[in-house]
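This report describes the fold, the core and a few chosen residues of one protein. The sequence and the structure come first.

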Amino acid sequence: QVQLVESGGGLVQPGGSLRLSCSASRSGFRNMGWYRQAPGKQRELVAVITTSGITNYVDSVKGRFTISRDNAKNTVHLQMNSLKPEDTAVYYCNANLYGLSYWGQGTQVTVSS
């Protein structure tokens, strides 16, 4: 069974930084990414990275967030800088393998003074 385990969430002041990490129980994922869901809102894609390192970001985080992956370690990271209160959400790791989509349990990110 595929497992994705996130870490790195927490409380940070506006303008601060956090680094989220996701560790997968196996290798071979095609795309890996991060989604987020704020209270009362739909889950949205934040960033995605392919096996070859091609990345894509939602417009609201471009220039502030950076996604990266280490295929040898089966990990994907999300470096979040210049955080804003509107970035507050539960962040979920996602990975796709053979047409199936897997999710982590989520990690809370709260941006507040």
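Accessible areas come from the Shrake-Rupley method with a 1.4 Å probe. On that basis the protein exposes about 6100 Å², and carbon and sulfur atoms supply 47% of this area. The model is a predicted one.

**Fold and dimensions**

The protein has eleven strands and zero helices. From the N terminus on, its elements therefore run β-β-β-β-β-β-β-β-β-β-β. The C-alpha trace spans about 40 × 25 × 20 Å along the principal axes. A compact globule with 113 residues would have a radius of gyration near 13 Å, and the 13 Å of the protein agrees with this. Of the 113 residues, 41% are buried. Among contacts with a separation of 6 or more, 51% join residues 24 or more positions apart. The protein carries 11 positive and 6 negative charges, and the mean positions of the two sets are 5 Å apart.

**Nonpolar core**

The largest nonpolar core holds 29 residues, of which Trp34, Leu78, Met80 and Tyr91 touch the most other members. Two or more residues each are given to this core by β3 (18-24), β4 (31-37), β5 (44-50), β7 (65-70), β8 (75-80), β9 (89-97) and β11 (107-111). Strand β9 supplies the largest share, five residues.

Leaving aside residues up to four places away in sequence, Tyr91 touches Trp34, Leu78 and Met80, and also Glu6, Leu20, Tyr35, Arg36, Val46, Phe65, Gly106, Thr107 and Val109.

**Two buried residues**

Cys22 and Arg64 both fall under the 20% cut-off for buried residues.

| Residue | Place | Relative accessible area |
|---|---|---|
| Cys22 | strand β3 | 1% |
| Arg64 | loop between β6 (55-57) and β7 | 10% |

What does Cys22 touch, not counting residues up to four places away in sequence? Its contacts are Leu4, Val5, Glu6, Trp34, Asn74, Thr75, Val76 and Cys93. Glu44 lies 22 residues from Cys22 in sequence, and the C-alpha atoms of the two are 17 Å apart in space.

Arg64 counts as buried because its relative accessible area is 10%, under the 20% limit. With residues up to four places away in sequence again left out, Arg64 touches Gln79, Met80, Asn81, Ser82, Leu83, Lys84 and Asp87. Met80 is thus named in the contacts of Arg64 as well as in those of Tyr91.

Key. Residues are numbered from 1 along each chain as its sequence is written. This is a predicted model: local features need pLDDT of at least 70, side-chain atom pairs count only at pLDDT 80 or more; totals for chains, interfaces and linings use all residues. Side-chain values use heavy atoms; hydrogens and water are left out. Helices (H or I, at least four residues) and strands (E, at least two) are DSSP runs, numbered from the N terminus. The radius of gyration is taken over C-alpha atoms; the globule rule is 2.2 Å times the number of residues to the power 0.38. Buried means under 20% relative accessible area, exposed over 50%, partly exposed in between (1.4 Å probe, protein chains only). Contact means heavy atoms within 4.5 Å. Lys and Arg count as positive and Asp and Glu as negative; His and the chain ends are not counted. The place of a charge is taken as NZ of Lys, CZ of Arg, CG of Asp or CD of Glu. A nonpolar core is a set of buried Ala, Val, Leu, Ile, Met, Phe, Trp, Tyr and Cys residues joined through side-chain atoms within 4.5 Å.
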